[in-house]
Amino acid sequence: MQPVICRNDTNIVIGDSVTVGANLGEANLYSWQPTTGLSCTNCPNPKASPTITTTYTVTKTQCKAVTSDMITITVSPTGLTEGQQLIKSLFIYPNPTKGILSISTSPGVAHAIKIKLTDVLGKEIINDTLKPQLDISSLKDGIYFLSFYNSDQLLITKKVIKQ
């Protein structure tokens, strides 16, 4: 007999879902508790989309043997993290550019974001806080990389072409 198995504890944002079971054998009896946010309460591998952090327990009955396991789904109460919001809302234009690069994000996202502009060899050219515009008119034509950081964590890097 194989014991019932939940996947590893995980984090999601509000509106996302995740498969919580990792079980084989449809012929067994499964019971998930609590039932809130589950796509199915008696199947081996339901999808969970809770709106608050929830610990689910599954019980599997196979013949007369009973096993159980648990998984905690942590839900971000604010939805997307600042880094995720930046990635989804980041626009750099015009790209290619002749000099002035506009950077737009959702309001309130950029307060702690740092930027680094490097050339193709990795030489750091600009290290500053995020601003709505970046003047690269004095740089040689070519490819550059604009990286966005929150504290020391790299969030995303975008390729910039200077003409």
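Begin by selecting Pro 34, which is found in the loop between β3 (29–33) and β4 (47–48). The structure on the screen is a predicted model. Now add Gln 33 to the selection: the peptide bond from Gln 33 to Pro 34 is cis, with omega near -15 degrees.

Next, select Thr 54, a residue of strand β5. Which residues does Thr 54 touch, not counting those up to four places away in sequence? They are Pro 34, where the tour began, together with Ile 71, Thr 72 and Ile 73. Is Thr 54 buried or exposed? Thr 54 counts as buried, because its relative accessibility is 12% and the limit for buried is under 20%. Display the side chain as well: the side chain of Thr 54 reaches the backbone oxygen of Ile 52 at 2.8 Å.

Proceed to Cys 63, in the loop between β5 (54–62) and β6 (65–76). Inspect the backbone here, since phi of Cys 63 is near 60 degrees, a positive value in a residue other than glycine. Cys 63 is exposed, with a relative accessible area of 76%.

The next stop is a second cis peptide bond. Select Asn 95 and Pro 96, which are joined by a cis peptide bond with omega at about 15 degrees. Pro 96 belongs to the loop between β7 (91–93) and β8 (100–104).

Remain in this loop and select Lys 98, which is also found between β7 and β8. At a relative accessible area of 64%, Lys 98 is exposed. Leaving aside neighbours within four places in sequence, Lys 98 is in contact with Ser 137, Lys 162 and Gln 163. Then draw a distance from the C-alpha of Lys 98 to the C-alpha of Asp 135: these residues are 37 residues apart in sequence and 9.5 Å apart in space.

Lys 162, one of the contacts of Lys 98, leads to the salt bridges. How many salt bridges does a search of the whole structure find? The search finds two.

For one of them, select Lys 162 and Asp 141, whose closest N and O atoms are 3.2 Å apart. Lys 162 lies in strand β13 (residues 153–162), and Asp 141 lies in the loop between β11 (133–135) and β12 (142–150), so the pair ties together parts that are 21 residues apart in sequence. The two partners may be examined in turn: Lys 162 is buried, with a relative accessible area of 6%, whereas Asp 141 counts as exposed at 55% relative accessibility.

For the other, select Asp 128 and Lys 131. Their closest N and O atoms are 2.9 Å apart, and the two residues form a salt bridge. Asp 128 is partly exposed, with a relative accessible area of 33%, and Lys 131 also counts as partly exposed, at 37%.

The last stop is on the surface. Select Val 120, Leu 121 and Ile 143, and display the molecular surface. Which kind of surface patch do Val 120, Leu 121 and Ile 143 make? Together they make a nonpolar patch of about 330 Å². Centre the view on Leu 121, which is found in the loop between β9 (113–119) and β10 (124–129). Leu 121 is exposed, with a relative accessible area of 78%.

Methods: Residues numbered from 1 in each chain as written. Predicted model: local features only at pLDDT ≥ 70, side-chain atom pairs only at ≥ 80, totals over all residues. Heavy atoms only, no water. Salt bridge = Lys/Arg side-chain N within 4 Å of Asp/Glu carboxyl O. Buried < 20%, exposed > 50% of the residue type's maximum accessible area, 1.4 Å probe, protein only. Helix = DSSP H or I, 4+ residues; strand = E, 2+ residues; numbered from the N terminus. Patch = residues over 30% accessible without salt bridge, like charges linked within 9 Å, V, L, I, M, F, W, Y side chains within 5 Å. Areas by Shrake-Rupley, 256 points an atom, 1.4 Å probe, with all protein chains shown as cover. Contact = heavy atoms within 4.5 Å. Polar contact = N/O pair within 3.5 Å; in protein donor to acceptor, adjacent residues only side chain to side chain.
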